[in-house]
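Colleague: Got a minute to walk me through this one? I'd like to know what sits where before I go back to the bench.

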Amino acid sequence: MTIAAPPGLVLVVEDEPAIADLVRLYLTRDGFGVHLERDGEAGLAAARRLRPVACVLDIALPGLAGTEICRTLRADGDWTPVIFLTARDDEVDRVVGLELGADDYVTKPFSPRELLARLRAVLRRTAGTPAGQPRTLGAVTLDPGRRTVTAAGTAVQLTSTEFDLLAHLMARPGRVFTREELLAGVWGYAAHAGTRTVDVHVAQVRAKLGPASVIRTHRGVGYAADA
């Protein structure tokens, strides 16, 4: 059974024509509208003008790197989901991208079906309205319906992935989740994708919550939410 893709326009910024055309073909087949740009400056302008449901950004772009597009959008308060495409099998590039607020990344060469699966997973998390009442743990309150978080009474801006990570942990306070369990439960894919993704997102959520953070590290095991 095929899961219908959420409707909407996806911005793809990729300067390699063959890859750009392949991504556009698969996204279009899956029901998405696609707007394609070849360089970073045009991509940033399109993101601001078109307000896509998601952005698929190559990291190495002419004019303006994909990481700079993401950095600028986040600085503007734009939390549109971002997935990076990168030919660099370099952990530093991936970590930097995640630290800037990207929701996921795919390393070239990649399977178009994998990219679609990652994109659909991010959009489901963004568009979904989880059932349940607001949860409070320590000084942190998370509202699943409104997808809002406050820490010590102050609103906290989280990406969709950061929100879902915190929600997953707060749903079972005190329960220690391994990194593999978090990858499966929040990102929706297996541990071969690399557990470093979890560590970076946990660090980002902690930094945004500040002294009110409720995420605890259990060395050698994983993470838990606890007051």
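Modeller: Sure, let's start with helix α3, residues 66-75: its buried residues are Gly66, Thr67, Ile69, Cys70, Leu73 and Arg74. Buried means under 20% relative accessible area, with exposed over 50% and partly exposed in between, using a 1.4 Å probe and protein chains only. Those residues cover an arc of only 160 degrees around the axis, so they lie on the same side of α3. The arc is taken from the directions running from the helix axis to the C-beta atoms.

Colleague: Before we go on, what kind of model is this?

Modeller: It's a predicted model, where local features need pLDDT of at least 70 and side-chain atom pairs count only at pLDDT 80 or more, while totals for chains, interfaces and linings use all residues. Residues are numbered from 1 along each chain as its sequence is written, and side-chain values use heavy atoms, leaving out hydrogens and water.

Colleague: Ok. What does glycine 77 do just after α3?

Modeller: Glycine 77 takes a positive phi of about 80 degrees there.

Colleague: And how many helices and strands are there in the protein chain?

Modeller: Eight helices and twelve strands. They are DSSP runs numbered from the N terminus: H or I with at least four residues for helices, E with at least two for strands. Of the 227 residues in the protein chain, 48% are buried.

Colleague: Which residues have the most contacts inside the largest nonpolar core?

Modeller: Val140, Val149, Leu165, Leu166, Leu169, Met170 and Leu209, in a core of 27 residues. A nonpolar core here is a set of buried Ala, Val, Leu, Ile, Met, Phe, Trp, Tyr and Cys residues joined through side-chain atoms within 4.5 Å. At least two residues each come from β7 (140-143), β8 (148-151), α6, α7 (179-187), α8 and β12 (222-225). The largest share, six residues, is from α6.

Colleague: Leucine 166 is on that list. What is leucine 166 in contact with, leaving aside neighbours within four places in sequence?

Modeller: Val140, Leu142, Val149, Leu158, Val205, Leu209, Val214 and Ile215. Contact means heavy atoms within 4.5 Å. There's also a second, separate core of 20 residues, which includes Ile59, Val82, Leu100 and Val200.

Colleague: How do α6 and α8 cross?

Modeller: The axes of α6 (residues 160-170) and α8 (residues 196-209) come within 10 Å and cross at roughly 85 degrees. That makes α6 roughly perpendicular to α8; the label covers 65 to 115 degrees, while under 35 is roughly parallel, over 145 roughly antiparallel and the rest oblique. Axes are lines fitted to C-alpha atoms, for helices over the stretch in contact, and angles run from 0 to 180 degrees between N-to-C directions.

Colleague: Who meets whom in α6 and α8?

Modeller: Thr161, Glu162, Leu165 and Leu166 in α6 meet His201, Val202, Gln204, Val205, Lys208 and Leu209 in α8.

Colleague: And α7 with α8, at what angle do they pack?

Modeller: About 80 degrees, with their axes 9 Å apart. In that contact, Arg179, Leu182, Leu183 and Trp187 of α7 meet Thr197, Val198, Asp199 and His201 of α8.

Colleague: Is aspartate 199 buried or exposed?

Modeller: Buried, with a relative accessible area of 18%. Setting aside neighbours within four places in sequence, aspartate 199 is in contact with Arg179 and Tyr223.
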